[in-house]
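Work through the exercises below with the sequence and the model open. Each task is followed by its solution.

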Amino acid sequence: MELTMSINYLLGAFKPACHISITFADEKNRKKVPIKKENGQTVMVPLFQSQENIVGKISVEPVQGKKIEHNGIKVELLGQIEMYFDRGNFYDFTSLVRELDVPGEIYERKTYPFEFSTVEMPYETYNGVNVRLRIDDPEDPLNLLNNTAQCGATLTGYVLKVTISRGYAGSIVEYHDFVVRNYSPPPSINNSIKMEVGIEDCLHIEFEYNKSKYHLKDVIIGKIYFLLVRIKIKNMDLEIRRRESTGSGANTHVETETLAKFELMDGAPVRGESIPIRLFLSPYDLTPTHRNINNKFSVKYYLNLVLVDEEDRRYFKQQEIMLYRLAENSTSAVSML
Amino acid sequence: MIADGIEDEEKWLSAASAGLQQNAFYMHRALDSNNLKDALKYSAQMLSELRTSRLSPHKYYVLYMRAFDELRKLEIFFYEETKRGCSIIELYELVQHAGNILPRLYLLCTAGSVYIKSKEAPAKDILKDLVEMCRGIQHPLRGLFLRSYLSQVSRDKLPDIGSEYEGDDDTVMDAVDFVLQNFTEMNKLWVRMRYQGPAREKDRREKERSELRDLVGKNLHVLSQIEGVDLDMYRDTVLPRVLEQVVNCKDELAQYYLMDCIIQVFPDEFHLQTLDVLLGAFPQLQPSVDIKTVLSSLMERLSNYAASSGEVLPQFLQVDAFSKLNNAIGKVIEAQADMPVLAVVTLYSSLLTFTLHVHPDRLDYADQVLGSCFNKLSGVGKLDDSQATKQIVALLSAPLDKYNNVMTALKLSNYPRVMECLDIETNKVMAKIIIQNIMKNSTYISNGDKVEALFGLIRGLIKDTDDAVCNEDDEEEFKEDQNAVARLIYMLHHDDPEEMFKIITIVQKHILAGGVKRLPFTVPPLVFTALKLIRALQNGDASKAEEAAAAATRKKIFQLLNQLIEALSNVPAPELALRLYLQCAEAANDSDLEPVACEFFTQAYILYEEEISDSREQVTALQLIIGTLQRMHVFGVENRDTLTHKATGYSAKLLKKPDQCRAVYSCSHLFWADDQDGVRDGERVLLCLKRALKIANAAQQMANATRGSGGSVILFIEILNKYVSSFTFVEYCTVRFSYENQGSIMTRCGSKFRYLYFFEKGNTQITVNTIQDLMELITTEMRSDNAATDPAAEAFFANTLRYIQFQKQKGGAVSEKYEPVKA
């Protein structure tokens, strides 16, 4: 019995002095989206968009029988970017603070409401998916965002940070991440992409994608028309490629990744053939196009048409498309036919 | 090398099959647990095995069929999924997420089939989508099988009239469009196979390609099965589009197969009504396409169609089927400059068969065909292609077989011209066919012009050609041929003597030109035909004027006969000529033309004297002369005396005594005509008989001297029979018959009755004594020691005696006459 008591005591000494919980006002009804944790588990995280009010409660509950002396409690809403070449440093592009309490002592559970009204969150949460490296530093706040760190990838994230400032004992900090997605209306101008390309006396094709801007659940319709075929084509694929570029000038770094490889044609066409394209985007893990996020990075998408001949030579033409996120309820039903 | 290739293929096939089976197994598990996601995943993997390029069409088909079976199960699963509430629209999208195109499209077709069944979207839209999406497979083999799968799953779901998938307006058109498009694409892929791969394997590829043709042709079959395709739609849409594809693909194999397919799968009525369009395509086909076979089968079908019911015939006239076909053939031949003669002839042959069946009343059509055919053939000279000549024979036989009357064929002015194109041998064959036809149908040819034409046709048989080489082997055949000609001559007949005479003249002209070898075969029938005419002229109970005309004709005929038989002398065939002369003489006898008969006899005698040297033939010839002369009644005393005298003279000059003996006692008949007003010179009869007896004696002595035995007792009995006229004429004839036909014993017996004959006939010069003496002589001879016992002679003698006894007992005048004869 004694022994048990003493163990409890000892444990208590290293435990955080209090338990902080952060809940959003509409937590139960709010849509949640999955985020993959470092350990491979997927957790559901609340979803917000720009201009929303972020309202909730923060409760601080000291460990039984303890009091907390503090120099003030605040909650921050941070929008951060981490660059691959500058790992560990965050650039806050949004930083809002609400003071929750003046310095004092807390003896029992105390709840603070908070509200950030019409928060400007211009950038979506974005995980550059690339080589993932686990970072073994539990103190690294990035942990809380995704529990992962990336090498060669760029991150945009939003987080609520509660800080109980204390003097010598060190501040107690609690993070609560959420995801931001911003929806765009369908673009008013959305031209098709039409182009004739080729290699002289060897291959001439004309391709057409029905739009230049696609939403994430869209379907790419198009066709490839063969004007001249003097090579023995084996097959033809359409690839969706993502290009992240970070930095500027001499420091520009570009990472390209192929997200989809979709076979369009099998065998060698002859002159005059036209091959249909119908590529559903929904199965792929895509994000909207990000242009020049806070002067730090860009994410662009490309359609890459690749023809492979019998000697496995590749002939390709890459064409940028813009991806945007269409509000779910306004997603017009995709025509099947 | 090749064996290795086959082995490898087997290996690849079994590997692919194993992979397919394994994924099918996982797919089944997913189906059993209603796991759509896994079902899609494993079915896509399963179908990935069909992406192989290593298998020949044959092996690929095996693999395809396995996949096909599995896909049926998947389709059922999809269907059940929709029943369980899964949206077919979503399913249709879901299958399109597959990254590889071939599995994706197989799945899409499978889902599409369920989609149509669900009726959540119009069938036509789904079909259109499917057929468009399949364009992604440009690999010929894989594309063909994929589209074949599409065709298979959609067959029962076309928005046809009366189908449950029929839409609101004009959806048959959509069904047709769909099938046509699939057909077009399949054909393109099929044709493309030819050009893919190394040139040295071209033959193998063409063979493989041929194995795949039914995949393409199946579409046409589907088209023909669509209820809504009526004549209008066929004419306005289906046929033009199919033909467009056929013509444009410029592929020999495809063009041949597809044209044939069109002809076979669509109804005859359609063909008839769209002949213009259909035939218009033929000249545009590749020169190497075997058009003749296709066109022939079209014409054959149309012929059968015409034969099927009389009601359709007006349609043929209405669309002027014949001219169209004729034009088309002309154009095809023009377009294909290198077309072999065989093909040309086959085409015309088919056209002819067609017109004979469809327009049996339009001989001008048939003639037109022959004319066109001749025009084509005349350019190439005599044919040396045995196939082609065979076809020409078939072509020329067709009208004969159809009308069963050579007269009809003779009306075709181009018939002989085509026949001229044949080489000599074939010409003969054709001539024989014509004759056989005449024989088979007992066609009487009754018109001078026709005969002229006919003999023109069979010239090959009746005339030597310059370069004809007749060797020993052909001897039999030659005889057969000539016998055929001979039979043909008997088939010439006309009731009007004038006309008949004309016919005979014509035939004479032809056969006289036919060379010496043929004359022995051809002359006799013509002679007999002419003689028949002569007899016909006599029989008519005509008016005076006609009688005169008939007489004039007769004379002409006899002149003609004379020439005709004279021609035989060049052969030479004296025996035959002699017989014919005698026949003519007999006819002249019947016509009461003494000088003519006399002339013929003279000719016969000359032949006998100058040409017949063989003793055996002499005997025969002499028998004939005597026999004929005996029946002649037209001669005056002078001529008769001359002729009988000569005959008797000849008889006595025969080489062998028995022959002499018999000839002489035969001559006795020349002086005793049967009819009352004939010659009855008993004295000379007796003279002859006595002379015969003398010769018989001499013969016996000769026999005794040389062989030590008398053999000629029979001669005596024969002479006895001549003496004793106790036979009726008829019985005499019987004996004579046997005399001419049986062996030597009977020969001798027959002759001996001569005496009896005259005795009975009432020749007063034959007395009882004479007979009695003779009988005794015979008895003595037979009993003499050195006479060999001859049972036949004894029997003969006994019979003779018995006959005399019989006549005695019969009573009446004859009996009285025999009374004194002791027997």
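**Exercise 1.** Which residue in strand 24 of chain A stands opposite A:Val306?

Solution. This is a predicted model, in which local features need pLDDT of at least 70, side-chain atom pairs count only at pLDDT 80 or more, and totals for chains, interfaces and linings use all residues. Residues are numbered from 1 along each chain as its sequence is written, while chains are lettered from A and ligands numbered from 1 in the order in which they are written.
- Strands (E, at least two residues) and helices (H or I, at least four) are DSSP runs numbered from the N terminus.
- Two strands pair if DSSP finds at least two bridges between them.
- Strand 23 and strand 24 (residues 314-324) of chain A are antiparallel, with 8 bridges.
- The residue opposite A:Val306 is A:Phe316.
- A hairpin with 4 residues between the strands links this pair, and A:Asp312 in its turn has a positive phi of about 65°.

**Exercise 2.** Find the other pairings of strand 23 of chain A.

Solution.
- Strand 19 (residues 233-246) of chain A runs antiparallel to strand 23 (residues 297-309) over 13 bridges; here A:Arg243 has A:Lys300 as its bridge partner.
- Strand 22 (residues 290-293) of chain A is also antiparallel to strand 23, over 2 bridges, and A:Ile293 faces A:Phe297.
- Strands 22 and 23 of chain A form a hairpin with 3 residues between them, where A:Asn294 in the turn has a positive phi of about 50°.

**Exercise 3.** How many helices and strands does chain B have?

Solution. Chain B has 41 helices and 0 strands.
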